[in-house]
Amino acid sequence: MYRLITNELQKIFKKRKVLVVSIVFIAIILLFSIVQYKASHKTPVQTITENEKNISAMKSYMSYEDANGQKSTKENIAQDKEQIRKAYRAEDLSKLNWKDRIEKQISDDEKKKNSSDIAGDNTKIEQVNQEILAKKYALKNNISAASNDYDEKAIDVFDEMISVISLIILPVIICIISLDVVSGECAPPTMKMLLTKPFSRGKILFSKFAASSIASVIAIVCSELISLIILGLVVGFGKINSPVTLGTKYEFNASKVLAGNWHDVEAVLGSSYVMPQWKFIFEMFALQVLFIICFTSICMLISVIANSNTLSMTSGIVIAV
């Protein structure tokens, strides 16, 4: 079995398309990361300037909107004003040492959580709770980088980018690597030659499935790690133990009915928790590997059913999309 799997791996990695796909994937990750980094890595002064311009622009065209449009624009203006307030506050706190700065930020968040502006809005209250949890975790574990919300590094951008990239590009890459492992050997009929060897069909198919899964994991995970290393060398890696807040649960809000008799959802207070970046990234990769194996099995099914390489590739890409 080991010999079969290694043989299949050699055949997969000898294909030029695997190398091309890996290089393209690295380029896409780097491009998205750079765009994300430029969008999020702003000084407080830059944040204030850009948001003031946005508010001015929104106010200028708000008179041309209907009631729903004006309501949405007012909410956007309120968000921008909140960002401006945070930026001014960050400028004031920049003169303090990092521990005092975090304590002041926690104090500000506690006041905000109890303010009338977000009273009754559990989702916004839980968002503030997340910030408080992260700041307290940083204070407890002596993570000074968490005191500056305007200094994102490669590892922060990497988390956000992978969550988007995984949904969009990952299935397509798996299709390209895995879809022709069986159908690609129907013409020329190399599969028939393989079946003359003293191996059962089950072992042959399992070896192809295992090799496809391993090759997809190696190509995808290595491409992501290479992208992280390149970005880290350019903008700095950041702290691997910095806090990440996640796990927020949501429930239906019976008091708020949307169009079509649907109910709005709201966050469950106290449901969020904190974990370090390294653990979050490890779990993210583990779930990604699980998804790769699951989707590879679907690609194998299509490849076995289809007698044509073109038919299997077309069907797989349609399913992926």
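This report walks through the overall build of one chain, then its salt bridges, one covered helix and one exposed residue.

**Overall build**

The model is predicted. The chain has 321 residues, and 38% of them count as buried. Its secondary structure comes to 13 helices and four strands.

How does the radius of gyration compare with that of a compact globule of 321 residues? The chain has 25 Å, whereas such a globule would be near 20 Å. Along the principal axes, the C-alpha atoms fill a box of roughly 75 × 50 × 35 Å.

Contacts reach far along the sequence. Take those between residues at least 6 apart: 78% of them join residues at least 24 apart.

The accessible surface comes to about 18500 Å². Carbon and sulfur atoms account for 62% of that surface. As for charge, there are 37 positive and 32 negative side chains. The centres of these two sets lie 9 Å apart.

**Salt bridges**

Side chains of opposite charge can pair when their charged atoms come close. The structure holds five salt bridges. The table gives details for some of them, including two that involve Glu82.

| Pair | Closest N to O distance |
|---|---|
| Arg85 and Glu82 | 2.8 Å |
| Lys112 and Glu82 | 3.2 Å |
| Lys86 and Glu131 | 3.4 Å |

Start with Arg85 and Glu82. Both lie in helix α4, which spans residues 67–93. They are three residues apart, about one turn of the helix. An α-helix has 3.6 residues a turn, so residues three or four places apart point the same way. Are these two side chains buried or exposed? Both are partly exposed: Arg85 has a relative accessible area of 41%, and Glu82 has 23%.

Glu82 has another partner, Lys112, with the closest N and O atoms 3.2 Å apart. This pair links distant parts of the chain. Lys112 sits in helix α5 (residues 98–113), Glu82 in helix α4, and 30 residues separate them. Lys112 is partly exposed, at 22% relative accessibility. Glu82, Arg85 and Lys112 are thus linked in a network of salt bridges.

Lys86 also lies in helix α4, but its partner is Glu131. The closest N and O atoms of this pair are 3.4 Å apart. Which parts of the chain does the pair tie together? Glu131 belongs to helix α6 (residues 122–140), so the salt bridge joins parts that are 45 residues apart in sequence. Both residues are partly exposed, with relative accessibility of 25% for Lys86 and 29% for Glu131.

Helix α4 therefore takes part in a bridge to α5 through Glu82 and in one to α6 through Lys86.

**A covered helix**

Helix α8 covers residues 170–178. How many of its nine residues are buried? Seven are, and the helix is mostly covered. The buried residues are Leu170, Pro171, Ile173, Ile174, Cys175, Ile177 and Ser178.

**An exposed leucine**

Leu287 is placed in helix α12, which runs over residues 277–305. Is Leu287 buried or exposed? Leu287 is exposed, because its relative accessible area is 58% and the cut-off for exposed is over 50%.

Thr47 lies 240 residues away from Leu287 along the chain. In space, the C-alpha atoms of Leu287 and Thr47 are separated by 35 Å.

Technical notes
Residues are numbered from 1 along each chain as its sequence is written. This is a predicted model: local features need pLDDT of at least 70, side-chain atom pairs count only at pLDDT 80 or more; totals for chains, interfaces and linings use all residues. Side-chain values use heavy atoms; hydrogens and water are left out. A salt bridge is a side-chain nitrogen of Lys or Arg within 4 Å of a carboxyl oxygen of Asp or Glu. Helices (H or I, at least four residues) and strands (E, at least two) are DSSP runs, numbered from the N terminus. Buried means under 20% relative accessible area, exposed over 50%, partly exposed in between (1.4 Å probe, protein chains only). The radius of gyration is taken over C-alpha atoms; the globule rule is 2.2 Å times the number of residues to the power 0.38. Contact means heavy atoms within 4.5 Å. Accessible areas come from the Shrake-Rupley method with a 1.4 Å probe; for residues, only the protein chains shown count as cover. Lys and Arg count as positive and Asp and Glu as negative; His and the chain ends are not counted. The place of a charge is taken as NZ of Lys, CZ of Arg, CG of Asp or CD of Glu.
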